[in-house]
Amino acid sequence: MMRLPPFRYLKPKSAREAAKMLADHARDEAMAVSGGTDLYPNMKRRQFEPKVLVGLRALEGGREVAMGEDKGLEIGGLATLQNLERSALLQAHFPALAKAAGLVSSPILRHMGTLGGNLCVDTRCTYYNQTYDWRKAIDFCMKKDGAICWVAPSSPRCWAVSSSDTAPVLIALDATVTLVGPLGERRIPVKDLYRPDGIDFVTKTREEILTAIHVAPLKGPNGMRATYLKLRRRDSIDFPILGVAVALQTAKDGTVTKARIVLTAVESAPVEAEKAEALLVGKKLTDDLIEEAAALAYRPAKPLDNTDLSYPYRKKMAKVYVARALRELRLG
Ligand SMILES: Cc1cc2nc3c(=O)[nH]c(=O)nc-3n(C[C@H](O)[C@H](O)[C@H](O)COP(=O)(O)OP(=O)(O)OC[C@H]3O[C@@H](n4cnc5c(N)ncnc54)[C@H](O)[C@@H]3O)c2cc1C
Ligand code: SF4
């Protein structure tokens, strides 16, 4: 049986206090933990070895899902995926987000797992998501304890795969996040939270706590309809090996006025298919246009041989899933 290594657990009462506690420790010595559904298994495999965990579960607030006419949607970073999946408000106004939350792992993990944790979930790779002994047998890799990338041996960077189900949907909806640091807070687009590096995959500093997620009001000029489709071997529990989020804003006659197509699990960060988005704007969603946009959208997908199923198949499925998502929104 794999056991957790010993660690000290701190219980701050506010996000600012949590950020200060993290800042008081050296890098790798302390980490934040919310539901622990990603971090604890990773600690059991010694992928992370913090001596101190800053537990966010005792923070006051940060669990609500609220919507105001002018403010739009605001979700606390500690809201559980189960609450998002079951939220009547999300189901009515942001069904793609409720769906993405409901597609994460299993009911037990969604009961504990939070949206903040999901947005910061570790990147994944066949050569990394293994026990310590397995990784030791291949002499580790550069993501933890080693020097080489076994997927792309001549590569100077790690290509572990971005695996959050909610991130692509939130990027497609132009969402922003509030980050609280030891000295203050800032708000950035979810899109800017990520960088294409399997090791250093979030742009936030290690002390910053993600406290809230915001989406502009759906009604009015910025209103968008969205969907999320996920590919995986077992529908019951698996991480995405491809995720496609599409959001469209259309005029009354069906002309697309704004389009967002975001792919996940094809790179170390979510990937926006900008050429396909540009192609859709100003046009109606005909069958031909959908096929053309899907053919453009799958080009930036660069899956490697480091997750389940073959990478040529996953690349091909990116095209199929984008077309399916666009057809779904045309009908909706
Ligand atoms: C078997 C299995 C299957 C899974 N399947 C999926 C899946 O299909 N899709 C998917 O997206 N995920 C999946 N997961 C991963 C995980 O369950 C979810 O991503 C979950 O939402 C993580 O949230 P958490 O609160 O448990 O995060 P934690 O485990 O607590 O933390 C994860 C990371 O985020 C950081 N963190 C947590 N909260 C914050 C915060 N508020 N501010 C700043 N940093 C923070 C932690 O320091 C840590 O680095 C799976 C996990 C397992 C074990
Ligand atoms: S992509 Fe390479 S460096 Fe990154 S986890 Fe996989 S084998 Fe390791």
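Strand 2 (30–33), helix 7 (115–119) and strand 8 (209–215) each put at least two residues into the shell around ligand 1 in this predicted model. The ligand is surrounded by 33 residues, and the closest of them are Ala-32, Ser-34, Thr-37, Thr-114 and Asn-118. Sorted by class, that shell comes out as 15 nonpolar, twelve polar and six charged residues.

The backbone has a hand in holding ligand 1 as well. A polar backbone atom of Gly-36 sits 2.8 Å from an oxygen atom of the ligand, and a backbone N or O atom of Ser-105 is 3.1 Å from an oxygen atom of ligand 1. For Leu-210, the partner is a nitrogen atom of the ligand, 2.8 Å from a backbone N or O atom of the residue. Taken on its own, ligand 1 has 970 Å² of accessible area, and the protein covers 91% of that.

Moving on from the ligand, the loop between helix 7 and helix 8 (132–137) is where Asp-122 turns up. Asp-122 has a relative accessible area of just 4%, so it counts as buried. Its side chain makes a polar contact of 2.8 Å with the side chain of Lys-143. Setting aside neighbours within four places in sequence, the residues in contact with Asp-122 are Asp-38, Asn-42, Phe-48, Tyr-128, Lys-143 and Phe-201.

Asn-129 is found in the loop between helix 7 and helix 8 too. Why does Asn-129 count as buried? Its relative accessibility is 16%, and the cut-off for buried is under 20%. The side chain of Asn-129 reaches back to the backbone nitrogen of Cys-125, at 2.9 Å. Beyond its neighbours within four places in sequence, Asn-129 is in contact with Asn-42, Arg-45, Gln-47, Thr-123 and Arg-124. Asn-42 thus appears in the contact list of Asp-122 and again in that of Asn-129. Pro-156, on the other hand, is 27 residues from Asn-129 in sequence and 20 Å from it in space, C-alpha to C-alpha.

Next comes helix 5, which spans residues 95–102 and is largely enclosed by the rest of the structure, because six of its eight residues are buried. Those buried residues are Ala-96, Leu-97, Ala-98, Ala-100, Ala-101 and Gly-102. What do the buried residues of helix 5 pack against? On the strand side, the partners are strand 5 (72–76) and strand 9 (225–231). The helical partners are helix 3 (81–86), helix 4 (88–93), helix 6 (107–112) and helix 9 (166–172).

As for the overall picture, the protein chain contains twelve helices and twelve strands. Its C-alpha atoms fill a box of roughly 60 × 45 × 35 Å along the principal axes. The radius of gyration is 20 Å, which agrees with the value near 20 Å for a compact globule of 332 residues. Buried residues account for 51% of the 332 in the chain. Among contacts between residues at least 6 apart in sequence, 62% link residues at least 24 apart. Finally, the accessible surface of the protein chain is about 15500 Å², with 54% of it belonging to carbon and sulfur atoms.

Definitions and conventions:
Residues are numbered from 1 along each chain as its sequence is written. Chains are lettered from A and ligands numbered from 1 in the order in which they are written. This is a predicted model: local features need pLDDT of at least 70, side-chain atom pairs count only at pLDDT 80 or more; totals for chains, interfaces and linings use all residues. Side-chain values use heavy atoms; hydrogens and water are left out. A residue is near a molecule or strand if one of its heavy atoms lies within 4 Å of it. A polar contact is a pair of N or O atoms within 3.5 Å; within protein, one must be able to donate a hydrogen and the other to accept it, and residues adjacent in sequence count only if both atoms are side-chain atoms. Accessible areas come from the Shrake-Rupley method with a 1.4 Å probe; for residues, only the protein chains shown count as cover. Helices (H or I, at least four residues) and strands (E, at least two) are DSSP runs, numbered from the N terminus. Ala, Val, Leu, Ile, Met, Phe, Trp, Tyr, Cys and Pro count as nonpolar, Asp, Glu, Lys and Arg as charged, and the others, Gly among them, as polar. Buried means under 20% relative accessible area, exposed over 50%, partly exposed in between (1.4 Å probe, protein chains only). Contact means heavy atoms within 4.5 Å. The radius of gyration is taken over C-alpha atoms; the globule rule is 2.2 Å times the number of residues to the power 0.38.
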